[in-house]
2 protein chains.
Amino acid sequence: MQIGSKFTIGVHIITAIDYFREMDRVNSEFLAGSIGINPVIVRTVISQLREAGLVRTQRGSSGGELTKGLDEITLYDIYKAVGSVDEEEGLFHFHEQPNPECPVGRNIHTVLDRRLIDAQRAMEEKLRQTTLADIVKDTKEAVEKESK
Amino acid sequence: MQIGSKFTIGVHIITAIDYFREMDRVNSEFLAGSIGINPVIVRTVISQLREAGLVRTQRGSSGGELTKGLDEITLYDIYKAVGSVDEEEGLFHFHEQPNPECPVGRNIHTVLDRRLIDAQRAMEEKLRQTTLADIVKDTKEAVEKESK
DNA sequence: CAAAGTTGTAATATAGTATATTACAACTAT
DNA sequence: ATAGTTGTAATATACTATATTACAACTTTG
C-alpha cells in the first residue's frame, strides 16, 4: 500500500510554480506536461492546495502564485493539503472487528493504537523538517550540475 | 491510503499465539474468531510470518509456536513479514512520468526521494522500538484492569 | 487403518480507491 | 466577441485489499 501520488504531484506543482515564476503560461496544461499527468488532476490538486491556503488561483486567469514564502511551506503542509492520509483512519488500517469476547480481541486495539500513532507521527515529523525552499534550492543545484 | 490490515492481523496472531499458549485448539479458526476475519486470511498471514522465521507451523497439525522470544520480535519484523510496504516502491507513490525535458521534471525525483525515504525510515524505526513482549504485557495489564 | 480435523495454497469474487478522461459552466484576457 | 483558462462534476478504468470456495497434503485420534 502506498500514499497516493497526489502528494509528490503537489510538491512538483509548488516547485514548478516557483521555478517558472518569471515565465507566463504556467497553466494547468503546462504543469501537467512537466508532471506527466492529466491537466484535470493538476487542477484538482491545486484546488486542494488553495483550500489549504498555500496558493492563490483565479478562475479564468492563467497560472497561480504562492501565498507564503517557500521556507514557510513544508512537505507536511502539502501532505496534509492533498489528504495523503485520512485524519480519522490514520496510516495503519486496523482490522475492524476484533472479537470483544476474546481478551486479546477486545484489548489489542487500545494497546497497539498508541504505537501506530507514534510511528505515523514520526514520519510526519520528518516531513515537517523539509521546506519547499530546500526542494527548490536542491532542484536548482541539480540543474546547475547538469550543465557542467 | 492506508497500510493494509495484515499488519495488525499479524500482531494479533502472534499476541494470541503467546497469550493462549497453554490452551490447545489455537488453530486458524480460533484465531480467525478472535480477529474477526476469515480463517484463510489467518493462514495466509501465518504463512508469511513463517517465511519470515517468526513462527513454526506444520501442515495438518493444529496450532503453531513462536520461534523466538517475544522480546526478540518487533512490530517492524511483522510489518516486514507481511509486506506492508513494497520494498521496491516504498511508502510514497511517486508520479511515474515526470517530463525529462523539464528541469523540474527531470530532477524532482532525485531531490525528493531522499526525504521521502527518511520519512519512511523514521516511521519504521518507531516500529522497531516496540517488541511483542510490550504488546503482550500491555494486553495482560489491560485484561487485569477489566476485572477490577 | 480409517475417519476427522487441520494446514497450505490456488483460484475466483467483490468492493474500495487512485488515477484518467470527458464535458462544460464560469470567468478572464485580448 | 473570441479564445483561453479554471473549477468541478460525472464517469471510466485499473489496481489492490480482503473474502470466499475448494481441495490436496498431512496429522491426530479412535
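How far does a polar side-chain atom of A:S47 lie from a phosphate oxygen of DNA strand D, and what is the distance in Å? In this predicted model, the separation is 3.4 Å. That contact belongs to a wider surface around the strand. The description below begins there, turns to strand C, and then moves to the protein chains.

DNA strand D is surrounded by 28 residues. A:N27, A:S28, A:R43, A:T57 and B:S5 are the closest. Of the atoms of strand D that come within 4 Å of the protein, 67% are accounted for by sugar and phosphate. Individual contacts can be named. A:S28 places a polar side-chain atom 2.8 Å from a phosphate oxygen of strand D. The side chain of B:R59 has an N or O atom 3.2 Å from a sugar or linking oxygen of strand D. Several elements give two or more residues to this surface: α3 (39-51), β1 (55-58) and β2 (61-66) of chain A, together with α3 (39-51) of chain B. The largest share comes from α3(A), with 4 residues. By class, the surface near strand D has 16 polar, 7 charged and 5 nonpolar residues.

DNA strand C also has 28 residues around it. Those that come nearest are A:S5, B:N27, B:S28, B:R43 and B:T57. Sugar or phosphate makes up 67% of the atoms of strand C within 4 Å of the protein, and bases make up the rest. Phosphate oxygens of strand C meet both side chains and backbone. A polar side-chain atom of B:T57 lies 2.4 Å from one phosphate oxygen. For B:S28, the distance from a polar side-chain atom to a phosphate oxygen is 2.7 Å. B:G63 takes part through a polar backbone atom, 3.5 Å from a phosphate oxygen. The elements that supply two or more residues here are α3, β1 (55-58) and β2 (61-66) of chain B, together with α3 of chain A. The largest share, 4 residues, comes from α3(B). The surface near strand C has 5 nonpolar, 16 polar and 7 charged residues.

The two protein chains also touch each other. In this interface, 58 residues of chain B are in contact with 58 residues of chain A. The chains bury about 5,000 Å² between them. Carbon and sulfur atoms carry 65% of that area. B:M1, B:Q2 and B:H95 supply 15% of the area that chain B buries against chain A, more than any other three residues.

Polar pairing crosses the interface as well. There are 23 residue pairs in polar contact, with both residues at pLDDT 80 or more. On the side of chain B that touches chain A, two or more residues come from each of α1 (6-19), α2 (28-35), α5 (103-128) and α6 (132-146) of chain B. The largest share, 18 residues, comes from α5(B). By class, this side of chain B has 29 nonpolar, 20 polar and 9 charged residues.

Salt bridges add a further set of links. Side chains of opposite charge can pair when their charged atoms come close. Over all chains, the whole structure has 18 salt bridges. Across the interface of chain B and chain A there are 6. One salt bridge pairs A:D138 with B:R114, at 3.5 Å from N to O. A:D138 lies in helix α6 (residues 132-146) of chain A and B:R114 lies in helix α5 of chain B, so this pair joins two chains. A:D138 counts as buried, at 15% relative accessibility, because the limit for buried is under 20%. B:R114 is partly exposed, with a relative accessible area of 48%.

A:E146 and B:R106 form another salt bridge, with their closest N and O atoms 2.8 Å apart. Here A:E146 sits in helix α6 of chain A and B:R106 in helix α5 of chain B, so this pair too joins two chains. A:E146 is partly exposed, at 36% relative accessible area. B:R106 is also partly exposed, at 37%.

Within chain B, B:E87 forms a salt bridge with B:K80. Their closest N and O atoms are 3.0 Å apart. B:E87 counts as exposed at 61% relative accessibility, whereas B:K80 is partly exposed at 30%. In chain A, salt bridges that share partners join A:D18, A:R21 and A:E22 into one network.

How values were computed: Residues are numbered from 1 along each chain as its sequence is written. Chains are lettered from A and ligands numbered from 1 in the order in which they are written. This is a predicted model: local features need pLDDT of at least 70, side-chain atom pairs count only at pLDDT 80 or more; totals for chains, interfaces and linings use all residues. Side-chain values use heavy atoms; hydrogens and water are left out. Contact means heavy atoms within 4.5 Å. Buried area is the accessible area (1.4 Å probe) that two parts lose on being put together, summed over both. A salt bridge is a side-chain nitrogen of Lys or Arg within 4 Å of a carboxyl oxygen of Asp or Glu. A polar contact is a pair of N or O atoms within 3.5 Å; within protein, one must be able to donate a hydrogen and the other to accept it, and residues adjacent in sequence count only if both atoms are side-chain atoms. Ala, Val, Leu, Ile, Met, Phe, Trp, Tyr, Cys and Pro count as nonpolar, Asp, Glu, Lys and Arg as charged, and the others, Gly among them, as polar. A residue is near a molecule or strand if one of its heavy atoms lies within 4 Å of it. Buried means under 20% relative accessible area, exposed over 50%, partly exposed in between (1.4 Å probe, protein chains only).
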